[in-house]
Amino acid sequence: MLPGGLLVLGVFIITTLELANDFQNAVRRLIYAVEKSMNRKRLWNFTEEEVSERVILHICSSTKKISCRTYDVCDPKSSARPADWKYQNRLSTSWLSLECTVHIDIHIPLSATSVSYTLEKNTKNGLTRWAKQIENGIYFINGQVKDEDCDLLEGQKKSRGNTKASSHSFDVRVLTQLFLNSDHRSTATVQICSGSINLKGDVKCRAYIHSNKPKVKDAVQAVKRDILNTVSDRCEILFEDLLLNESPEKKDSEKEFHILPHRVFVPIPGSTVMLCDYKFGDESAGEIRDHFIEMLDQIIQIERLEIAEEINTAFMSSSMNNEASLDNTEVEQPEQPVKTTVVLKIQQNIGMIAAFAVAVLAAGISFHYFSD
């Protein structure tokens with residue numbers, strides 16, 4: 001639900017003061033479990049400059065007193081540290097938005113030698129390779145490439161005593177490298193595959209950054225993470241839907257075509273930030289609204305929903321052998337790759353075979369010559 005630039009900072013609990021201590025261990029385990037679950041899905045890593053502490057906020061149901069503690073999620077043995085909880089004016093409206101459209105064309109081979117891998121795990125391995133292109137890409141902000149340490153708002157007019165700048169939106173375009181430089185060495189590998197997955201289409205991305213002295217590097221980092229998150233999330237949602245609704249007649253099909261879920265944004269009341277969710281083409285706006293109401297516990301109007309993509313802008317096509325399925329953890333290795341391996345070995349040794357044949361032919365001619 002969180003676009004780029006926004007992170008889960010912790011959890012909160014509302015109990016009486018007497019029950020607060022009883023829940024401390026459970027809440028501590030929860031905050032580590034949440035962080036572990038989110039790290040497992042991420043295609044990017046935190047930088048050394050980022051804070052690794054997460055917050056546990058306790059609100060007393062009777063006195064309304066607030067107590068705050070932090071844990072370092074990078075240290076499993078970290079002890080609780082007290083922290084101050086302060087309110088700031090106009091914090092929820094002081095955000096800049098960055099929007100971009102990224103064209104993806106990702107080819108992911110499904111290795112036949114790793115039959116214990118599920119389709120989801122194979123896809124994540126392929127997305128990890130693609131993520132390096134996004135990390136090393138060149139980012140144009142409003143048509144310009146700026147130094148990463150520059151102020152994002154440099155050269156723009158500042159308003160006095162208001163927050164007009166906070167509603168400003170930046171257009172971001174991504175240029176990824178197609179080829180490596182000559183000073184980089186690459187190694188070609190031959191991989192025997194049981195199928196492949198192709199992700200293709202246009203993806204709408206949106207990130208937010210606070211307007212208090214924003215740096216270009218922070219804005220680019222937020223956009224990168226949103227690109228990686230939204231592609232990974234869509235694949236995960238699609239795989240879950242395929243596993244739940246897989247029909248027997250489709251299981252043996254060699255080629256399948258699936259539309260990736262579309263992104264839907266909804267505004268947070270009193271804030272310029274929008275949260276996101278995903279919908280399939282057959283889901284109505286009312287169903288999406290009900291989903292948002294369930295998660296946010298707030299009334300959402302259908303007309304406030306913003307669908308970011310047009311229909312059929314991003315899709316996944318897969319091509320598999322009959323032996324490959326969505327979850328092939330118990331499937332034996334298919335016979336076709338074995339035959340391919342034999343052919344490959346013969347091709348690799350064709351020079352040796354030819355030399356041996358020439359030697360036998362020469363020996364036969366010599367024997368015939370001397371016998372005469």
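Which residue in β7 does Leu98 stand opposite? In this predicted model, the residue facing Leu98 is Phe170 of β7. That pair belongs to a short stretch of strand pairing: β5 and β7 run parallel and are joined by three bridges. β5 also pairs with β8, this time in the antiparallel sense and over 17 bridges. Within β8, Asp202 is the bridge partner of His103. As a bit of background, strands in a sheet pair through backbone hydrogen bonds, and the pairing can be either parallel or antiparallel.

These strands turn up again in the protein's interior. The largest nonpolar core is made of 42 residues, and the ones with the most contacts inside it are Leu127, Trp130, Leu199 and Ile227. Two or more residues each come from β5 (95-111), α3 (119-135), β6 (138-141), β7 (169-175), β8 (193-210) and α4 (216-244). Of these elements, α4 chips in the most, with twelve residues. Trp130 makes a handy example of how the pieces meet: leaving aside residues up to four places away in sequence, Trp130 touches Ile104, Ile106, Ile227, Leu228 and Val231. Another core lies apart from this one; it has nine residues, including Leu6, Trp95, Tyr278 and Ala308.

Further along the chain there is an open sheet of three strands, lined up in the order β11-β10-β12 with antiparallel pairing. β11 (274-279) and β12 (306-307) sit at the edges, each pairing on one side only. Between β10 (residues 262-267) and β12 there are two bridges, and the two strands run antiparallel. Here Val264 is found opposite Ile307 of β12. Helix α6 (residues 285-296) packs on this sheet and touches both β10 and β11, with its direction at about 130° to that of β11.

How far can the picture be trusted? The mean pLDDT for the protein is 79, and 75% of the residues score at least 70. Confidence peaks in β6, at 95, and is lowest in helix α7 (residues 335-348), where the mean is 34. Over residues 160-166 the pLDDT stays under 50, and the model gives this stretch nine contacts beyond four places in sequence. Residues 322-350 also have a pLDDT below 50, with 31 contacts in the model beyond near neighbours in sequence. Where pLDDT is low, the predicted coordinates shouldn't be read in detail.

Notes:
Residues numbered from 1 in each chain as written. Predicted model: local features only at pLDDT ≥ 70, side-chain atom pairs only at ≥ 80, totals over all residues. Heavy atoms only, no water. Core = buried A, V, L, I, M, F, W, Y, C linked by side-chain atoms within 4.5 Å. Buried < 20%, exposed > 50% of the residue type's maximum accessible area, 1.4 Å probe, protein only. Helix = DSSP H or I, 4+ residues; strand = E, 2+ residues; numbered from the N terminus. Contact = heavy atoms within 4.5 Å. Pairing = 2+ DSSP bridges. pLDDT = per-residue confidence, 0-100. Axes fitted to C-alpha atoms, helices over the stretch in contact; angles between N-to-C directions.
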